[in-house]
Amino acid sequence: MKLIIAIVQDEDASRLINQLMSEDYRVTKLATTGGFLRSGNTTLLVGVEDEKLENAMGVIEKVCKSRKQIATAPSPISGTTGVYVPYPVEVTVGGATIFVLDVEQFKKI
Ligand code: 2BA
């Protein structure tokens, strides 16, 4: 058995959960925050049998889109004031960041 940890954009989360559930996967949704953008994203935990892993990855790939977002990064202004002003940076986020872990034990008690 494997545990998929998938970090996806909030915009894709609902459709992805619906699609996974309709294909009989079990899903747990966590509300998370990206360290770089400091904005909300969604992390899904999906426990899957080995033979269903590839299909689950395909579903995630199909549903999750990459998007451009504007982040504000702090930048020192010139001179000696020491004041930082935010400036916009464009980053491409997603489709999805996926970790696949081996599950040592799985129990429902
Ligand atoms: P964030 O940390 O908010 O990052 C959002 C996007 O900002 C990233 O998209 C990437 O395009 C950009 N970015 C991140 N760190 C950067 C940096 N130091 N310099 C320049 N640009 C940077 P993704 O790579 O698609 O990541 C989307 C979200 O997935 C991340 O949100 C984070 O929550 C998670 N993530 C990505 N890689 C991870 C990892 N190795 N471990 C844990 N979480 C990860």
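Reader: Let's start with K2. Which residues does K2 touch, not counting residues up to four places away in sequence?

Author: In this predicted model, K2 touches V46, G47, V48, D50, L53, V100, L101, D102 and V103, with residues up to four places away in sequence left out. As for its place in the fold, K2 lies in strand β1.

Reader: Why is K2 called buried?

Author: Its relative accessible area is 19%, and buried means under 20%. The value falls under that cut-off, so K2 counts as buried.

Reader: What makes K2 and D102 a salt bridge?

Author: The closest N and O atoms of the pair are 2.3 Å apart, and the rule asks for a Lys or Arg side-chain nitrogen within 4 Å of a carboxyl oxygen of Asp or Glu. The distance meets the rule, so the pair is a salt bridge. The side chains of K2 and D102 also make a polar contact, again at 2.3 Å; the limit there is 3.5 Å.

Reader: What makes you say that this pair links distant parts of the chain?

Author: K2 sits in strand β1 (residues 2-8) and D102 in strand β6, and they are 100 residues apart.

Reader: Is D102 buried or exposed, and what value tells you?

Author: D102 has a relative accessible area of 62%. Exposed means over 50%, so D102 is exposed. Its partner K2, at 19%, is buried.

Reader: How many salt bridges are there by this rule?

Author: The count comes to three. One of them is K2 with D102. Another joins the side chains of D12 and R67 at 2.9 Å, N to O. This pair, too, links distant parts of the chain: D12 is in helix α1 (residues 10-22) and R67 in strand β4 (residues 67-76), 55 residues apart. Then there is D24 with R26, at 3.4 Å, N to O.

Reader: Why can side chains of opposite charge pair at all?

Author: They can do so when their charged atoms come close.

Reader: Why is D24 with R26 called a salt bridge?

Author: Its N to O distance is 3.4 Å and the cut-off is 4 Å, so the pair qualifies. R26 itself is exposed, with a relative accessible area of 52%, as the bar for exposed is over 50%.

Reader: And which labels do D12 and R67 get for burial?

Author: D12 has a relative accessible area of 2%, under the 20% limit, so D12 is buried. R67 comes out at 25%. That lies between the 20% and 50% limits, so R67 is partly exposed.

Reader: On to T42 and T43. Why does T42 count as buried?

Author: T42, whose place is in strand β3, has 3% relative accessibility. Under 20% is the bar, so T42 is buried. T43 lies in strand β3 (residues 40-48) as well, and its 8% makes T43 buried by the 20% rule.

Reader: What do the side chains of T42 and T43 make polar contacts with?

Author: The T42 side chain is joined to that of D10 by a polar contact of 2.7 Å. For T43, the partner is the side chain of T32, at 2.9 Å. The cut-off is 3.5 Å.

Reader: Which residues does T43 touch beyond its sequence neighbours?

Author: Leaving out residues up to four places away in sequence, T43 touches I5, A6, I7, T28, K29, L30 and T32. With I5, T43 is 38 residues apart in sequence and 6.7 Å apart in space, C-alpha to C-alpha. T42, with neighbours within four places set aside, is in contact with A6, I7, V8, D10, A13, K29, L30 and T32.

Reader: Now the ligand. Which residues are around the ligand?

Author: They are I7, G34, G35, F36, L37, N41, V91, T92, V93, G94, T97 and F99. By class, that shell has six nonpolar, six polar and no charged residues.

Reader: What polar atoms lie by the ligand's oxygen atoms?

Author: A polar side-chain atom of N41 lies 3.0 Å from a ligand oxygen. A backbone N or O atom of L37 is 2.8 Å from an oxygen of the ligand, and one of G94 is 2.7 Å from a ligand oxygen. As for cover, the protein hides 52% of the 760 Å² of accessible area that the ligand has on its own.

Reader: Which elements give two or more residues to that shell?

Author: Those are β5 (84-93) and β6 (96-102). β5 gives the most, with three residues.

How values were computed
Residues are numbered from 1 along each chain as its sequence is written. This is a predicted model: local features need pLDDT of at least 70, side-chain atom pairs count only at pLDDT 80 or more; totals for chains, interfaces and linings use all residues. Side-chain values use heavy atoms; hydrogens and water are left out. A residue is near a molecule or strand if one of its heavy atoms lies within 4 Å of it. A polar contact is a pair of N or O atoms within 3.5 Å; within protein, one must be able to donate a hydrogen and the other to accept it, and residues adjacent in sequence count only if both atoms are side-chain atoms. Accessible areas come from the Shrake-Rupley method with a 1.4 Å probe; for residues, only the protein chains shown count as cover. Helices (H or I, at least four residues) and strands (E, at least two) are DSSP runs, numbered from the N terminus. Ala, Val, Leu, Ile, Met, Phe, Trp, Tyr, Cys and Pro count as nonpolar, Asp, Glu, Lys and Arg as charged, and the others, Gly among them, as polar. Buried means under 20% relative accessible area, exposed over 50%, partly exposed in between (1.4 Å probe, protein chains only). Contact means heavy atoms within 4.5 Å.
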